[in-house]
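Please open the structure in your viewer and keep the selection panel at hand. The tour below goes from one stop to the next, saying at each what to select and what is there.

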Amino acid sequence: MKHLTLTASALALCASGAMAQELNIYNWGNYTNPDLITKFEEETGIKVTITDYDSNDTALAKVKAGGHGFDIVVPSHSYIPIWIGEGLLLETRPDEMENFSNVADEWVDVSWDPGRHYTVPWQWGTTGVVVNTKYYDGDINTSSIFLDPPEELVGKINVVPEMGDVMTLAILYHGGEPCTGDKDVLRKVRDTLVDAKEKWLGMDYGNLEKFAKEDLWAGVNWNGSTFRMRLQNENIAYGYPKEGFVLWMDSVAVLADAQNVDEAKAFQNFVMDPENAALISEFARYANGINGSEPFMPADMKTAPEIVIPDELKAAGHFTETCAPEVQELYTRSWTDLQK
Amino acid sequence: MADTHAYRSGELEQEAELADTRQRWLLSLPAVVIIMLFAAGPLLVMVVYSFLTPGDFGNVKWEFSLDGWKNTLVQRDIFDDTLMWADAHLSIFWRSFSLSVITTVLTLIFGLPTAWFIATQPPGRREIWLFLVTVPFWSNLLVRTIAIQELIRNEGVINLVLLKIGIITEPIQMMFTDFAIAFGMTYVYLPLMVLPIYAAIEKLDFRLVEAAHDLYASRMAAFWQVILPLIKPGIIAGSILVFIPSLGAYVTPRVLGGGKNLMFGNLIELQFGAGRNWPLGAALSLMLMAAVMVALIYYVRVTSREKADG
Amino acid sequence: MVEATTTQVEQSAAKPRPKRGPKGYSLRTLPGFTFVALFTMIVLYAPISILVIFSFNEGDSLAIWEGFSLQWYAKAAANEQVQEAAIRSLYLAFIASTIGTIAATMAALATTRTRRFTGKTMIYALINQPLMVPEIVTAVALLIVFAAIKVATGHNSMIYLIVAHTAFCIPFAYLPIRARLETMDNSLETAARDLYASAWQTFRMVTLPNMWPGIIAGMMLSFVISLDTVVITEFVKSAGQDTLPTYMLGQLRRVVTPEVNAISTVILFSGAILVALFFRLTQRKG
């Protein structure tokens with residue numbers, strides 16, 4: 001039995017031992033550039049921990065329950081009104097911080113945080129369609145790629161199981177507004193999705209290999225992820241559906257029950273610096289919302305079609321919103337019906 | 001005099017039995033306490049939640065409601081408000097149930113010989129083989145599943161090899177099929193079947209097998225009539241360990257099968273996520289738990305009676 | 001049951017080597033079993049080999065081979081976050097499986113090979129309960145309970161993860177141990193007691209050595225289960241407590257690079273070495 005008593009202390013790795021200055025960041029997985037953190041730690045002497053989450057709902061549930069120990073969280077735009085409404089965020093007034101002047105004008109007065117009293121832009125992107133142009137050479141800037149697929153692509157389509165994004169794309173396709181409760185529109189949406197599903201191959205994440213290796217030829221995807229796919233397979237192209245595509249933005253917020261408020265504010269300010277914003281973008285390959293970061297961005301991102309929205313399609317971008325509970329229920333039921 | 005004697009020894013027996021029961025309870029205490037505090041106990045929270053109303057943005061509102069339970073079986077049609085059976089829930093459950101049955105059978109087919117092979121190795125080599133079976137599972141589930149993709153995709157290893165040898169001329173479509181799901185699930189749940197069966201076989205008294213042979217039983221007859229009954233506890237334990245947890249599985253089916261259809265595990269997860277209906281999620285999982293619990297208890301009762309009789 | 005003459009049984013028991021049956025084959029092999037077993041082992045290791053191979057990939061795909069490179073190992077060596085997560089996972093798995101196996105062993109002893117006693121079925125059902133609900137449900141329930149405790153006490157260490165994993169591991173250790181016990185009859189123990197051995201001595205020198213393969217099986221199983229438990233960990237963890245599976249979960253929606261292959265390979269090999277050492281040490285037990 002003595003063999004079982006391997007010195008546990010040799011393996012022990014405690015998270016205890018409070019250092020002078022700490023910061024606990026709660027962010028999406030694989031979304032924070034380690035170089036950014038190293039730079040922050042060197043400049044400020046604050047020790048940083050990063051903990052991951054993979055969905056807005058998980059993050060919300062965990063923080064709401066309490067006792068989490070986080071200081072910073074990076075929610076998506078459509079959830080921020082919920083966070084603010086439930087009193088979970090600290091009003092840190094980033095608009096009064098030193099680096100605030102760097103924030104691009106279009107991202108200052110956003111509907112989910114007017115005037116930026118709570119949050120600071122982290123990254124933003126779009127959700128659209130991805131197509132392997134080797135197998136289809138028609139117009140890719142349309143949601144009919146997955147809602148009414150062309151012959152050539154049938155049976156090779158994947159749709160990421162993001163209920164919010166997919167429902168919004170389908171609603172916009174039928175001329176509705178995001179978060180509409182209009183039952184006629186929703187009926188059409190559900191029927192279109194159910195019919196289209198027959199022509200899809202899958203509804204999954206993590207498709208980089210599948211697209212790169214051409215198991216899949218088209219689908220719904222985020223722009224940054226498509227960018228990475230293109231780097232591995234040059235036939236892959238990103239389309240901005242002209243009927244309406246989804247815009248999203250993740251922003252940095254400080255939690256109301258944060259233990260390290262000053263350090264958190266320092267981080268918010270740090271992130272608004274153009275050089276640092278470029279570091280953020282370089283890692284996950286999405287655009288940031290800070291002016292003056294272009295010189296520091298990697299060359300391939302400056303002109304990438306996934307990052308730079310063509311002017312004529314800009315107006316088709318819609319931010320998804322926080323839907324009212326009754327509407328959300330309608331969407332969930334349709335989504336379940338779709339996948340039953 | 002004889003009467004009092006019998007009476008007293010009956011009493012002594014009773015006392016001994018009580019002392020024995022108490023001792024057994026004490027032995028079970030650590031496991032029971034740990035699970036009560038950190039697994040079953042917290043589930044009471046779920047029981048309470050199943051009777052509340054969904055919060056606007058997740059979580060719950062402290063208002064009593066039976067909707068959570070009602071909606072597991074009966075729902076209003078989204079568009080015309082008619083009451084109807086929640087057939088989505090039922091078909092999704094049936095899908096998970098069938099997959100669990102198939103997975104259990106497959107892991108048995110491949111796991112039993114594997115366990116047998118390992119247990120019949122000379123001691124010393126035995127443990128090495130056993131541990132060789134579990135080492136692949138030290139890697140992460142996701143990484144393993146992606147690696148499985150690499151095996152079975154159209155340009156994957158299996159197809160490449162078969163094409164090269166010339167057995168086939170076109171790649172066989174394995175990804176996104178039911179075969180892929182079955183393969184992946186069997187792969188993932190294999191050690192849960194192998195290890196308990198191994199534990200049972202290892203103790204097998206081969207003299208009984210030899211005795212059977214001495215009486216001219218063939219190897220397979222000896223297997224069915226002598227060996228199998230002896231290692232049954234291992235097979236049962238393995239089946240429980242595969243069947244029950246696989247009812248809630250959804251990552252592997254999604255990655256390998258495409259994910260176009262929800263498994264029961266996703267359905268529940270959806271309620272705690274974007275679906276924002278915690279009471280429904282709680283009710284669905286409690287129903288699952290109750291069903292499994294009843295089946296398990298029934299099974300235990302039946303086998304106890306068997307033992308008592310046989 | 002099959003009856004046998006005593007002399008034949010004695011004769012076979014005396015021989016140390018596997019006996020040849022009347023038809024001249026080894027009794028320990030069954031037709032087709034060895035083939036299926038070896039086939040299964042090969043298939044088991046095929047994806048693992050691919051995993052290990054791609055950890056040396058020059059490119060950053062898990063599917064497109066671009067040449068040999070150690071870059072992912074270098075990246076992993078430099079990536080503190082993933083290293084800490086990996087070590088944390090191993091530490092957690094070790095503790096949870098050890099405590100869980102001990103508790104499961106005691107419970108198995110109490111509930112197996114025995115007459116029906118008050119509460120026996122209830123204990124059995126309770127011990128297997130963690131298997132019966134999808135992880136998300138246990139996870140959310142634990143989140144709520146632990147969060148309340150964390151808020152009340154301000155205590156945020158690994159203990160919550162440890163107890164959550166231990167509870168989850170118990171049924172996975174219990175069932176193999178119980179299976180083992182059910183194949184052991186009481187005769188040896190009764191013989192020991194007849195020879196005036198105390199209960200503890202009987203346990204230590206008769207029951208335990210006989211149970212040992214079951215305990216090992218149970219512990220290995222609960223170890224790998226804990227290593228892969230992602231949903232419960234996701235909800236119970238506090239700041240700075242990511243484990244390898246939760247780290248990877250976060251990667252799923254972004255991109256998975258061969259870095260995780262490198263980490264997994266390192267874990268696989270360290271595990272191999274650790275357990276090999278362990279078995280070398282326990283060889284004396286035979």
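Begin by selecting A:C179, which counts as buried because its relative accessibility is 18%, under the 20% that the term requires. Keep in mind throughout that this is a predicted model.

Add A:C323 to the selection and show the side chains of both cysteines: A:C323 also counts as buried, at 7% relative accessibility, and the two residues form a disulfide in which the sulfur atoms are 2.0 Å apart. If you turn the view to look along the S-S bond, you will find a torsion of about -90°, so the disulfide of A:C179 and A:C323 is left-handed. Colouring the backbone around the pair shows that A:C179 sits in the loop between α6 (163-173) and α7 (183-197) of chain A, while A:C323 sits in the loop between β10 (317-319) and α13 (325-338) of that chain, so the disulfide ties together parts that are 144 residues apart in sequence. Over all chains, the count comes to 1 disulfide.

Next, select residues 22-28 of chain A, which make up strand β1; 6 of its 7 residues are buried, so the strand is largely enclosed by the rest of the structure. Now add residues 47-53 of chain A, strand β2, which runs parallel to β1(A) and is joined to it by 7 bridges. Within this pairing, A:N27 has A:D52 in β2(A) as its bridge partner. To follow the chain from β1(A) to β2(A), show helix α2 (residues 34-44) of chain A, through which the chain passes in a right-handed β-α-β crossover.

Then add residues 72-73 of chain A, strand β3, which pairs with β1(A) in the parallel sense over 2 bridges. Here the residue that stands opposite A:I25 is A:I72 of β3(A).

For the next stop, leave chain A and display chains B and C together, where 104 residues of chain B are in contact with 115 residues of chain C. The two chains bury about 10,300 Å² between them, and 77% of that area lies on carbon and sulfur atoms. Which side chains should you select to see a salt bridge here? Choose B:E202 and C:R180, whose side chains meet in a salt bridge with an N to O distance of 2.7 Å; across the interface of chain B and chain C, 2 salt bridges are found.

Finish by selecting C:C169, a cysteine that counts as buried at 1% relative accessibility.

Notes:
Residues are numbered from 1 along each chain as its sequence is written. Chains are lettered from A and ligands numbered from 1 in the order in which they are written. This is a predicted model: local features need pLDDT of at least 70, side-chain atom pairs count only at pLDDT 80 or more; totals for chains, interfaces and linings use all residues. Side-chain values use heavy atoms; hydrogens and water are left out. A disulfide is a pair of cysteine sulfur atoms within 2.5 Å. Helices (H or I, at least four residues) and strands (E, at least two) are DSSP runs, numbered from the N terminus. Buried means under 20% relative accessible area, exposed over 50%, partly exposed in between (1.4 Å probe, protein chains only). Two strands pair if DSSP finds at least two bridges between them. A crossover is right-handed if, with the strands pointing away from the viewer, the path from the first strand over the helix to the second runs clockwise. Contact means heavy atoms within 4.5 Å. Buried area is the accessible area (1.4 Å probe) that two parts lose on being put together, summed over both. A salt bridge is a side-chain nitrogen of Lys or Arg within 4 Å of a carboxyl oxygen of Asp or Glu.
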